[in-house]
Amino acid sequence: MTTHTPMMQQYLKIKEEYIDAFLFFRLGDFYELFNEDAVKASAILEITLTSRKDNIPMCGVPHHAAQNYIETLISKGHKVAVCEQVEDPKLAKGVVKREVVRLITPGTIIEGKTMHNKTNYFIASADLLSTNEVAFSYLDVSTGDGFTTILHGDEKEIVQELLSLQAKELIVSEQLYVLINDLSALHEFTLSIEQEELNVEEAEKYVENHPIETQRTVKRLLQYIQKTQKRSLLHIQPFTFQRRDSFLIIDYHSKRNLELISSIRNGDQKGTLLWLLDETVTAMGGRKLKQWIHQPLADKRAIESRLEIVTSFLEDFMLREEMKEAFKEVYDLERLVGRIGFGSAGGRDLAQLRQSLSMIPMIKQLLLDSNNHALITLGRAIVDCQDIWRKLEIAISENPPISVKDGGVINNGYNPRLDQLRDASVNGKKWIAELEQKERELTGAKSLKIGYNRVFGYYIELTKSNIHFADDTRYVRKQTLANAERYITDELKEKESLILSAEDESLLLEYDLFTQLREEIKAYIPLVQKLAKQISELDVYISFAQVSEKHRLTKPNFHETNAMEIKEGRHPVVEKMMNNQLYVPNDCVLTEDKKMLLITGPNMSGKSTFMRQVAITIIMAQIGCYVPAKSASLPIVDKIFTRIGAADDLAGGQSTFMIEMMESQHAITNATSKSLLLFDEIGRGTSTYDGMSLAQSMMEYIHDHIGANTLFSTHYHELTELDQTLSKLRNVHVSATEKDGKVVFLHKLKEGPADKSYGIHVAELAQLPKEIISRARDILATFEQKEKNDKSSAVVQDTQLSFFDEQIRQPVESKIMEDKSSGKILTKLKKINISGTTPLGALQLLYELQNELE
Ligand SMILES: Nc1ncnc2c1ncn2[C@@H]1O[C@H](COP(=O)(O)OP(=O)(O)OP(=O)(O)O)[C@@H](O)[C@H]1O
């Protein structure tokens, strides 16, 4: 250490405390990075890497352009510690004092170009409570919106929840850090440790009435934010405790599979439920919609009350149009008050707040005049915050400049002293003009000018050819240019000091008045936050009404049983993507007696689409939106599990089949009779008999032990015979016909099992070489012939057999499933009462069994 220069020693000391962050070290007009930081940052930011005389690698960015570089690092999941000079370099003895003034992390950003308006940026914290319970809290620092809950599961559940929320950062204890860090999944969030000092000031006020377990996580979060941001947490609202059972629970994989918020293929919003539903006008409304899709409700009354409001808006086109017009003038109130709370709001922020608040009385009045009970109630609840508006209207100028320090933020007439100073500086300019005129007359130099520059202040300028006019008794030469001389006089300097001091003083006063006002407004933050919530919800309701009208959606009805009757249902997203092609509607009827559908049909016929549309319908209904169907009578579903489609977790190092089994396990262990299960082609990732046995045994288990509404699709036509043993199972198929040797998909769901596989036709449509197609036809014909010869069913009717002992099965694996006599032997074996059989009886049995084989 001692071999380093004093400045480098200072750097290394500070860096020690911020090992996991890029340290932006202020040196004059630059932020410099050294050592490892410099090497890594220069690569990420594409800036030149140099080295100091002592060979220490370094790179730097100009301080006025630092924001962009910092944002780039943050958006890639890094942290940046901003280290400033905290004393005037001119007054410093030795090395200038420096301190980290803020640690910027992916979960604590409050503004910047990379931030999306309609996205929440969550930072979360979690504690393991027991083997299957987790305390979880999360917060958007930019809006101050925070939530806590208890999750069921272990550290894996934490990761899933973070991915669901697209949270940016997780703050945990050291023990949990190790566990989460060990999970091999590619983290899309930054992981940080916060030791549990938990002495956050007034923490209790954020977590009143929360379970004690979740309080710790909130305190840890607040402590981390206080430490990193080193400023006020004033705008952070009390956290909302969410009971899990008040929401429809959908796990991360299912959310992904159903493409609720982002598409599987490229993570885009296009082609998702959000894309369909988002007609919101305000940023706050956009974020609220995402939250609602993320957490549909499971409370009938709450859902129905949302639906009632949507209906009211649906019935009043004019009101909707007027409200939308008004919303266009409303800025992001949540983030505006966030910046006010943080103390970083500028003049333009306050002007935007004023502009937004000016619209509120009109919005309120529109609702009050609506002649609709539900809307009038909403209107009455709006606190219009007009006293804040008045304060801003009086104080803040029409178009304030970007920087508060440039002046022009405060209105004339707001403060008498400011008016006086402004007068002096305006009048000062008049004095100068008068003085210029006077000097021209006194000296006789017609081209005499009075000018101003930062170095010399005001001066009198005479061109070279006119310098003989200079009055030597009063003029003091100040500067010589190529073709002019500049002078000052006592009178000029006197005026100058009057003007400049008035200007300086007025800027200082203006800044003071501005910060005072900003402080004053802090007291109103909770009120504006409440208003923001009301506006955001109104925006979502109107968006639902818009979408319902545009896409011919219907109001769903709910009842207390588990029956589900969707008539002429559609997949609204697929339909929207199809442009003008006709989407074929289908019914989905599940009753207490028939609550499982086994769906067969050719590839590409629409099996997955049908299953997804049922799930999407339930989700839309439970967020309080209308649904894509002619009519829908629905249960309140508690959880949705899907095992659908894409092998999307290859990066996680799991085989497709393993993931399929893990997801099935998750669904089967967590589902209840009120859940909806979607199993698309279970077992297709392994050999036919393995897969078929697994599919069958899962269906039996769900049928006998869970009793959930279940849609099962399969290519194993053999499974369709299960309706004979599983009373609640109904066979349906998606129809297709053949025309001129080509398959034509009708996409229509019909009763009963499909009768033929169209796989080869699909292969033909995909333009596989003709030879392959014709060879496949030959092979198929052979198989079909073989099947005809063999009358026995491949499906094992006796459930025990699907778990048949490996050792017996292996040598005759394929035969055993097909061989009728083996089936009989197995049935006999199963029926043996071993404890009631004598040794002789056993011998006799063996003899009989052997005979069966012959
Ligand atoms: N009801 C419908 N009306 C019109 N087009 C539909 C309908 N259902 C599905 N389609 C179209 O058919 C395509 C294939 O549907 P889907 O992927 O659901 O078939 P699948 O039977 O599950 O196929 P596979 O067995 O190969 O997975 C969809 O992309 C969609 O364009």
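In what sense do strand β8 and strand β9 pair, and over how many bridges? I shall begin there, noting first that the model is predicted.

Strand β8, residues 133–140, and strand β9, residues 145–152, pair in the antiparallel sense, over eight bridges. Within that pairing, phenylalanine 136 stands opposite threonine 149 of β9, and tyrosine 138 has phenylalanine 147 in β9 as its bridge partner. The two strands form a hairpin with four residues between them. In the turn, glycine 144 has a positive phi of about 80 degrees.

Let us turn to the sheet that contains this hairpin. It is an open sheet of six strands in the order β11-β10-β7-β8-β9-β12, with mixed pairing. As general background, strands of a sheet pair through backbone hydrogen bonds, either parallel or antiparallel. At the edges stand β11 (190–193) and β12 (240–242); each has a single partner strand, so one side of each is left without a neighbour in the sheet. From one strand to the next, the twist averages 25 degrees.

The parallel sense is found between β9 and β12, which are joined by three bridges. There, threonine 148 has phenylalanine 241 in β12 as its bridge partner.

Two helices pack on this sheet. Helix α5, residues 174–182, touches β7 (122–130), β10 (169–172) and β11. The direction of α5 makes about 155 degrees with that of β11. Helix α6, residues 212–229, touches β7, β8, β9, β10, β11 and β12. For α6, the direction makes about 35 degrees with that of β8.

I move next to helix α19, residues 525–550. This helix has 26 residues and reaches 37 Å from its first C-alpha to its last, close to the 38 Å expected at 1.5 Å a residue. Is α19 enclosed by the rest of the structure or not, and why? Of its 26 residues, 19 are buried, so α19 is largely enclosed by the rest of the structure. Just after α19, arginine 552 takes a positive phi of about 50 degrees.

Finally, the ligand. The residues around the ligand are Val574, Tyr583, Val584, Gly601, Asn603, Met604, Ser605, Gly606, Lys607, Ser608, Thr609 and His747. Which helix gives the most to this shell? Helix α21, residues 607–622, does, with three residues. By class, the shell has four nonpolar, seven polar and one charged residues.

Key:
Residues numbered from 1 in each chain as written. Predicted model: local features only at pLDDT ≥ 70, side-chain atom pairs only at ≥ 80, totals over all residues. Expected span 1.5 Å × (residues − 1). Buried ≥ 20, exposed ≤ 12 C-beta atoms within 10 Å, placed from the backbone. Pairing = 2+ DSSP bridges. Axes fitted to C-alpha atoms, helices over the stretch in contact; angles between N-to-C directions. Contact = placed C-beta atoms within 7 Å. Near = placed C-beta within 6 Å. Nonpolar A, V, L, I, M, F, W, Y, C, P; charged D, E, K, R; others polar.
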